[in-house]
Structure formats: C-alpha cells, structure tokens
Amino acid sequence: MEPVVIRLKRGRERPFVHGHPWVFSGAVDEFQGDPVVGSAAEVVAHDGAWLARGLLHPNAALRVRLYTRDQAQPLDDAFFAARVDAACALRERLFTEPERTNAYRLVFSESDGLSGLVVDRYADVLSAEVSSAALVPFLPNILGRLAERAGTQRIRVAASDDAVEREQLDPAALPVSSAPAQVRIVENGFRFDVDLRSGQKTGFFLDQRMNRVRVASYARGRKMLSAYCYTGGFEVCAAAGGAAKIVGVDRSEDALARAKAHHALNRTTAPVEYLKADVPDALRRFRDAGETFDLVVLDPPRFVANRAQMEKGLRAYKDINLLAMKLLAPSGILATFSCSGQVSAEDFKTMVGWASVDAGRTVRILETLGQPPDHPVLAVFPESEYLKGLICCVE
C-alpha cells in the first residue's frame, strides 16, 4: 500500500514537531495519494518539510495517529514489536512481586507509542481494547508479541465503544478472543474476580490501585461512604484498613453483587451495606435524612468526554462534591476523583473550591493523587494525564 502524503495547513505544524501524536482533520490542508483506512501517512508541513509518519483514517475526525518522527523508520511488524518490547520491559521493572499484584496496564496507547491500543494484564490473561480502525491490520503481530512476552495465549480483544461509533471500527474485524469470561487477580494482596466479558473498560479499574491504598490509610475508625463503588475495590481496602462501617452506592446491581462477593473473598469484617441507586439521588436522600459520614469517596465515571461537555460536566462534578461535603462530619475526609482527560488538574481543584464555598465548608487539600506508573503520562501529550484525585479535610 503506497503511503499517503498529508500536507498540513500553514502554521499548524508546531505540535507535531514537538511530538504530539494526533492530527485532527481541521489541521489538514490536502491529501496526496489514495487515502484508505490504515494507509501509512507521511505528514508534512505546509512547505513540504517532513514531520512524522503515522496511520491514516480519512473519514475520522482524528485523521492521523502518529507513531514515529524518524523518517527512515517504516511502520512494519518489526517496528510495532519493538514498541511492545519496550512497554513490557517497563512493566517488568515495575511489578516484581506477582504474588502481591499480578494485574496492571501493559500497554497504555500513546504513552507507550502504540496509539489506539490499551492492554491490561489480569494474571495470565491479557485484555485488549482497540480504539483505532487504522491499527487493526497490525493487531495479530502486536498481540502475538504481547502473548510471547507475557507467556500466555489467553487474550480478550474488544473494540472501544467510541471507536465503533467514531471510526466505524467493525468488532468482527478484530482477532478472535481466547480469554475466559472471568479471571481472579491479586491487587495489593487482595483478591478480586474480574468480569472480562461485561465489565467496564477492560474489566477492572487498575488505575486506582495505588489510590485505594492511600484512601484506606484514612479509614481506621471512620464511617465510610463509597459513591460509584463499582465492584468494591476502595471498600475492600478500607475494610482491611479498619473502617468502622461502610456504605457503597452504585446503579449496577451486578457490580454490587460482585462487591459483596469480594468482601467475602477477602474475609473482611467491617459492617458493609450496598445500595443500588443513582448516586446524586442517594446523596440527596442521605442529606435530607441528616445522615453523616467521616469518609466519603467519589469515583464517578467520565463526565466530560469532549470540550463541548466541559461546562455541564464541571457542574456535575461540583454538584456531587458539594453534596459530599455536606454529608461529612467535622474534620471528615473527602477523596474525590475525575477520570475526564479534558478536565485539567487545575480545573478540578477550582471545581472543588467552588463546591466548598457553596457548601459553606472549609476544605484543605491533604494529598494530590493521579495515575500509577503503569499508566505513564507522555510529557508532550497532556491528554494522557486523565486521572485526577484529591484527598481533602473538610471542616
């Protein structure tokens, strides 16, 4: 397949000189060649100066995903195998005690130079989520190399919902999955059963692994509310950390059933109650009933998927944080998170400040949290820093 030349509009080359991996349609002046999905794309400045090489999707808003700024480097199987090797080598250095933690992110898309692919390791199973239709022809080689490095042939492959809609990625075009429906993992010494078929994302929220431990360090003797609790990761850690009582809220009945099972699996002894409810409604009911908590965890889904949703999403974050602050006893602890990549750390702190003013509470930030090292942030790609967290004391 002959490469396509993508000429940028005048003055639009600077981000790509610095290494940003995404070329959107608005930056493209013209195509030269036959533009088909998966074509190698030579991206050049308006004056013709070569900038980078990537893979093309001529009909998507994200027009080109860039992989190399080395003009002599072809995008072939050897190139992608080398990227896989580098990603695996980093994780092999990070995780040296599989008896304590055997679940982590093995490939983190742009941060590992493999834009459009996320792969999580769950014990001896790999769970891959594909968000680029252009990358599909290279997947058999990439996944084969990952399986070789990981020592397993059990691989689940799925298309992200966004890619199916945005890039018309056909899930039937992906390699056939060979993974079981469920796998048991160990995280920080705790055991969890991960649903690989119907669980959210690749099956489990591995990005909160270190934050669960930090939040649990505040749990001893406290009555805890965990909102958007999913399958109980925060609560299991908090129970082991000495929480006096735990209430979890989520709208998924299946997730709550798994959360309860995880307490039994880990033999926690703290009293635990799970409620199936819409979280904002539940928070208002607690407020109206005059119920208070000593520790509140807010771990909501992504409220802001694009810039058009920013105002509405920040308002939603503010609403739940305001309600949580009103539920906290004096000197209570609020652990609040955002997984919206469009929301910056400063935006998130500002939102918490707004909520504190409206709640009439004095809020002090004790800790600033983020992603673990298996979810590295690419310095020239701020979009890769998506997870923000604050642990606050609320007076």
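Which residue just after H10 takes a positive phi? Keep that one in mind while we walk through this predicted model; we'll meet the answer at the end of the helix.

Let's start with the sheet. Seven strands sit side by side in an open sheet, and reading across you get the order E15-E14-E13-E16-E17-E19-E18, with mixed pairing. Strands of a sheet are held together through backbone hydrogen bonds, and they can run parallel or antiparallel. At the edges you'll find strand E15 (272-276) and strand E18 (363-369); each has a single partner strand, so one side of each has no neighbour in the sheet. On average, neighbouring strands here are turned by 15 degrees against each other, if you ignore direction.

Now zoom in on one pair. Strand E16 (residues 293-298) and strand E17 (residues 328-338) pair in the parallel sense, over 5 bridges. For instance, Val-296 has Leu-334 in E17 as its bridge partner. A helix packs on this sheet too: H7 (residues 253-266) touches strand E14 (245-250) and E15, and its direction makes about 170 degrees with that of E15.

Next up is helix H10 (residues 345-359). With 15 residues at 1.5 Å a residue, H10 should span 21 Å, and its end C-alpha atoms are indeed 21 Å apart, so the two agree. Which residues of H10 are buried? They are Phe-348, Met-351, Val-352, Ala-355, Ser-356 and Ala-359. Look at the spacing of those numbers with this in mind: an α-helix has 3.6 residues a turn, so residues three or four places apart point the same way. Seen down the axis of H10, the buried residues fall within an arc of 140 degrees, which means they line one face of the helix. What do they pack against? The buried residues of H10 pack against helix H9 (310-327), E17, E18 and strand E19 (388-394). Turned away from that buried side is a face carrying the exposed residues Glu-346 and Val-357.

And here's the answer to our opening puzzle: just after H10 comes Gly-360, with a positive phi of about 70 degrees.

Two other residues have a positive phi although they are not glycines. Ser-109 has a phi of about 45 degrees, and you'll find Ser-109 in the loop between strand E7 (103-108) and strand E8 (117-122). Asn-188 has a phi of about 55 degrees and belongs to the loop between strand E11 (182-187) and strand E12 (190-195). Are these residues buried or exposed? Ser-109 is buried, with a relative accessible area of 7%, and Asn-188 counts as buried at 14% relative accessibility.

Conventions: Residues are numbered from 1 along each chain as its sequence is written. This is a predicted model: local features need pLDDT of at least 70, side-chain atom pairs count only at pLDDT 80 or more; totals for chains, interfaces and linings use all residues. Side-chain values use heavy atoms; hydrogens and water are left out. Two strands pair if DSSP finds at least two bridges between them. Helices (H or I, at least four residues) and strands (E, at least two) are DSSP runs, numbered from the N terminus. Axes are lines fitted to C-alpha atoms, for helices over the stretch in contact, and angles run from 0 to 180 degrees between N-to-C directions. Contact means heavy atoms within 4.5 Å. The expected span of a helix is 1.5 Å times one less than its number of residues. Buried means under 20% relative accessible area, exposed over 50%, partly exposed in between (1.4 Å probe, protein chains only). The arc is that of the directions from the helix axis to the C-beta atoms.
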